[in-house]
Amino acid sequence: MENDPLSLAEIVPRVKPEDATARLLAVSDLDNLRIVANPAVDPSGEWVAYDVSLPDAKADKCFRHIWMTSWDGSRTLQLTNRAKESESTPRWSADGRYLAFLSSRTDKRDNDQLWQLDRTGGEARQLTRLEGGVIDYAWSPTGHQIALIVLDKDPYETDPADNGENKKPKPIVLDRFQFKRDIEGYLGTRRKRLFVFDVDSGNLRRLTTGDFDEVLPAWSPDSTRIAFVSNRDPDPDRTYNYDIWVVPASASGVAPLRLTTSAGDDNNPEYESYPSWSPDGRSIAYIGGAPVNLLYSGTHPLAVVPANGGEGRVLTPALDRNVSKPVWSPDGKSLRFIVEDDKTSWLGSIAARGGPVTRLVGGRQVIHAIDQNSRARIAALVDDPAHPPEIYALDGTKLRRLSHQNDGWLADVQLSPVEDTMMHSKDGTEVHGFLLRPLGGASGRAPTILRIHGGPQGQFDYGFSFEWQLLAANGYAVVAVNPRGSTGRGQDYTKAIYASFGTVDVQDVLSAVDDAVAHGIADPNRLGLGGWSYGGMLTNYTIASDQRFKAATSGASISNLLAAYGTDQYTPHYEMEFGRPWENLDVWLKNSYPFFHVDRIVTPTLFLGGSYDFNVPLLNSEQMYQALKSRNVPTRLIIYPGEFHGLKRPSFLRDRYQRYLDWYANHLK
């Protein structure tokens, strides 16, 4: 049934017999894949808005539009559909009459502005015309004001309409410690700043002072104050000391009140969790910082702090799992939040005073985001091994599917069941992962691909993986594993490779391959591997440690950390974890052995990367490509022009997958 609660039968792929009408997944199916995101429940609880991204093959670009589905699932409407334009991040006004969204339509610099759609009819109305654009926003509970996060104008950007002297590019002047970031480019004086927009008058006010980034705005229930996240240290570039701050919404240019005082990364913006006010406005729930010396390798707990200042409390000290996106119950007695656990993310609940955590919704699925309205109706963004992310309604402790954006094209596609695996590493540590068997009817041992996730702080989970299914459709067994360094299994597991990359994590991924061979699935003479970002790095560490692999793909990776210092966006992190290169050279060299011991590598390796990547710059892949070329090891370098760390252009995404298939086929088949 279309709206039955999610069950295990829906999660496990329905594998069709070989003689049925089912077809195998193809690279071209990337053009069918719709990316659903940003659920927003309207105040009445009768509708859920969300955005959907779909590739446009002719424009070679993805466009995102706003949709909404009724709470009972009976009606779905597309609200925006302007050709060659995108709209995203829908959010409702307090009375439910207006739906705001972000769009760069009509903006000559292609910066997002805030727009408003009236549900009673008419075209969307543009609310802002800001040179730097709008990064984020939040409606006030009264509906008369909107908090905006506004990006400063780019001082080096020229006016697209200017054909005169001002069209010439200007020298970029840098004096910041953190001077570059992926997508944002070189960092000068631009900042993200908190403003309030008056819906009735159109007036715009900046609330704070100082030269700091301000993000994740959240209104108090009475609309008098705004909480936000900022690192306001004397030199924020050198620390990750994010904190929760509060400022009066009626003020202009005042010093905000600091609520959290730890030196850790309280409510780190990378986790995209907004501060959450209690219904009485007395407390704010947030994501607590990890131990300062561990940063992303540490656990981020759920915490609460008094909204007027005072000592905060960690509510989940014994959970040893990262949490995110807390929301309060209407009576203020409990909180709901997402818990990242072993291969999954589930919805949990805890009393506001603390205590045991109750699992509300779990299973072989991943809850990515939730949105709750004032009536406590919750919509969630959820995926599983057989379905890309879709919108669900929470009925008690059951999830009921609302959106069906990908059902059409998946209906006739055969998917490989995603099996759970468990094995023991060389030192006896228990390691968890996944296995997909090849489709296509072949019997016996199969050519096998080990895929490795990025991060390293992250994990493979029960979410839908187009990549895994594509490999299985092309006759490969797929081994995916969460080695030490991954999240989801506690702080000790994650910090096991702190300042020691390519050590026990190599042992862990090799144990997964050994397990597949021992079970008669993998052909030990036809093994490949690969990954992107840290997945590419661990690929490099693995082929420099073990010569059994016949093919590797290494995307956006590093092998020589010394080359990364000062050329990517992680210098503050490197100095925290490894120390300064000139003071701790032995540590840097130890973590750079794939380059300095490249003579150990015999595996034919395909390197790939984006030309504009400041996260893991292309020079790192170029260096390894050159080293293997010097030694006459088969290799190739693929550069995607104009792309950042994560590829966006649809033709490049298709190209990357086809090159994976061609490289593996050439060396394994």
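Leu174 counts as partly exposed in this predicted model, because its relative accessibility is 34%, a value between the limits of 20% for buried and 50% for exposed. Leu174 is found in the loop that runs between strand 11 (145–151) and strand 12 (180–181). Together with Ile172 and Tyr186, Leu174 makes a nonpolar surface patch of about 270 Å².

Another exposed position is Ala518, a residue of helix 5 (residues 504–518). Ala518 counts as exposed because its relative accessibility is 66%, and the cut-off for that class is over 50%. Between the C-alpha atoms of Ala518 and Ala94 the distance is 59 Å, and the two residues are 424 positions apart in sequence.

Helix 3 (residues 466–473) presents the opposite case, since 8 of its 8 residues are buried. Among them are the aromatic residues Phe466 and Trp468, and also Glu467 and Gln469. An α-helix has 3.6 residues a turn, so residues three or four places apart point the same way. The buried residues of helix 3 also include Leu470, Leu471, Ala472 and Ala473. After helix 3 comes Gly475, which has a positive phi near 90°. The loop between strand 35 (446–452) and helix 3 contains Pro456, and the peptide bond that joins Gly455 to Pro456 is cis, with omega near 5°. Most peptide bonds, by contrast, are trans.

Strand 38 (residues 551–555) is likewise mostly covered, with 5 of its 5 residues buried. In a regular strand the side chains alternate between the two faces of the sheet. In strand 38, Ala551, Thr553 and Gly555 lie on one side, Ala552 and Ser554 lie on the other, and both faces are covered. Strand 38 pairs with strand 37 (residues 522–532) in the parallel sense, over 5 bridges. Within this pairing, Ala551 of strand 38 stands opposite Gly528.

Backbone angles of note occur in the loops that follow these two strands. Most residues other than glycine have a negative phi. Ser533, in the loop between strand 37 and helix 6 (534–543), has a positive phi near 65°. Ser533 is buried, because its relative accessible area of 13% falls under the 20% limit. Ala556, in the loop between strand 38 and helix 7 (561–564), is not a glycine either and has a positive phi of about 45°. Ala556 also counts as buried, because its relative accessibility is 1%.

A further sheet is open and consists of 4 strands in the order 6-7-8-9, with antiparallel pairing. Strand 6 (88–92) and strand 9 (125–126) stand at its edges; each has a single partner strand, so one side of each is left without a neighbour in the sheet. Strand 6 and strand 7 (residues 98–103) are joined in the antiparallel sense by 3 bridges. One of the residues involved is Ser88, whose bridge partner in strand 7 is Leu102.

Aromatic residues enter into two kinds of contact. The model contains 22 aromatic pairs. Ring pairs link a cluster that includes Phe501, Tyr534, Tyr565 and Tyr570; Tyr574, Phe578, Trp582 and Trp588 also belong to this cluster. Arginine side chains also lie over aromatic rings. Arg91 lies over the face of Tyr137, at 5.0 Å from the ring centre, and Arg238 lies over the face of Phe177, at 4.1 Å from the ring centre.

Methods. Residues numbered from 1 in each chain as written. Predicted model: local features only at pLDDT ≥ 70, side-chain atom pairs only at ≥ 80, totals over all residues. Heavy atoms only, no water. Patch = residues over 30% accessible without salt bridge, like charges linked within 9 Å, V, L, I, M, F, W, Y side chains within 5 Å. Areas by Shrake-Rupley, 256 points an atom, 1.4 Å probe, with all protein chains shown as cover. Salt bridge = Lys/Arg side-chain N within 4 Å of Asp/Glu carboxyl O. Buried < 20%, exposed > 50% of the residue type's maximum accessible area, 1.4 Å probe, protein only. Phe/Tyr/Trp six-rings, centres within 6.5 Å; stacked < 30°, edge-to-face > 60°. Lys NZ or Arg CZ within 6 Å of the ring centre and 35° of its normal. Pairing = 2+ DSSP bridges.
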